[in-house]
Amino acid sequence: MSDLLHGPATTAYDHDKYLAFELNGAPYSISISIVREIMEYIEVDKIPMAPDFIIGAINLRGLVIPVFDLSVRLNKPAQAITNRTCIIVAECDYKAQNITVGLKVDMVTKVLDIPAHEVDQVPSIAGQFHSRFVYGLAKLTDNLMTILDITKILTLDDVQLFDDLQLQHKQLSFELPLDADSNTQFEET
């Protein structure tokens, strides 16, 4: 895993790649090392009683993946789906468990190569401000970019939800084999 999950890099010569995207018109990024794929937004199946920031789940090549609305998770308004809306499929370790999630973003913009010395921790304002979802702030030429720590976006309840989704998918995908002799006709009685 990249330094994104383990803390800031230690030398000024280190460079990390980040996938940049927009949420509510603001720039964000995550480490490219956890990105498995970027896909256009597809219909997401709702999950009953899921938290409001979990839109639902998708079946990606047999793997059921919960999809987070990153805007809502970051306490911002949900954005309408457009032709630029994407799902970033990310894989990370959370409490010794490998988790795959979908992250709904307004649009993916580019891949950035950011030197480690250009990433600062989030400043604390007299100990009052702390963003648990933010890994750091990247100093770009014309602005700051928030680098998110996806492992901190997950909670133990989310991990339990992932396990439950996988179990339900396995139970629903179980099919009884049928052979020609086992076809039964039902008659009205």
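Let's start at Arg61, which counts as exposed at 68% relative accessibility. This is a predicted model, and Arg61 is a good place to enter it. The residue sits in the loop between β4 and β5. Its backbone is worth a look too: Arg61 is not a glycine, yet its phi is positive, at about 50 degrees.

Now follow the side chain of Arg61 to its partner. Glu37 forms a salt bridge with Arg61, and the closest N and O atoms are 2.3 Å apart. Glu37 belongs to strand β3 while Arg61 is in the loop between β4 (54-60) and β5 (63-69), so this pair ties together parts that are 24 residues apart in sequence. The two ends of the bridge can be told apart by their surroundings: Glu37 is partly exposed, with a relative accessible area of 23%, whereas Arg61 is exposed at 68%.

How many salt bridges does a search of the whole structure find? There are four. Another of them joins Glu91 to Arg36, with 3.4 Å between the closest N and O atoms. Because Glu91 lies in strand β6 (residues 86-94) and Arg36 in strand β3 (residues 35-40), this bridge ties together parts that are 55 residues apart in sequence. Glu91 is partly exposed at 23% relative accessibility, and Arg36 is also partly exposed, at 42%.

Further along the chain, the side chains of Asp120 and Lys139 meet in a salt bridge, with an N to O distance of 3.2 Å. Here the link runs between distant parts of the chain, from strand β9 (residues 119-120), which holds Asp120, to strand β10 (residues 134-139), which holds Lys139, and the two residues are 19 apart. Asp120 is partly exposed with a relative accessible area of 35%, and Lys139 is partly exposed with 36%.

From these side chains we can turn to the interior. Is Thr100 buried or exposed? At 16% relative accessibility, it counts as buried, because the cut-off for that class is under 20%. Thr100 is found in strand β7 (residues 97-105). Leaving aside residues up to four places away in sequence, Thr100 touches Leu63, Ile65, Pro66, Val89, Ala90 and Glu91. Glu91 is the residue that forms the salt bridge with Arg36.

What about the nonpolar core? The largest one has 30 residues, and those with the most contacts inside it are Phe21, Ile30 and Leu103. Many elements contribute: β1 (15-23), β2 (26-31), β4, β5, α1 (70-73), β6, β7 and α2 (150-153) each supply at least two residues of this core. A second core, separate from it, has 10 residues, among them Met39, Val44, Ile65 and Ile87. Ile65 is also one of the residues that Thr100 touches.

Two loop residues round off the tour. Asn24 is in the loop between β1 and β2, and its phi is near 55 degrees, a positive value in a residue other than glycine. At 27% relative accessibility, Asn24 counts as partly exposed. Asp52 lies in the loop between β3 and β4 and counts as exposed, at 63% relative accessibility. If you trace from Asp52 to Val72, you cover 20 residues in sequence, while their C-alpha atoms are 7.4 Å apart in space.

Note on methods: Residues numbered from 1 in each chain as written. Predicted model: local features only at pLDDT ≥ 70, side-chain atom pairs only at ≥ 80, totals over all residues. Heavy atoms only, no water. Helix = DSSP H or I, 4+ residues; strand = E, 2+ residues; numbered from the N terminus. Buried < 20%, exposed > 50% of the residue type's maximum accessible area, 1.4 Å probe, protein only. Contact = heavy atoms within 4.5 Å. Core = buried A, V, L, I, M, F, W, Y, C linked by side-chain atoms within 4.5 Å.
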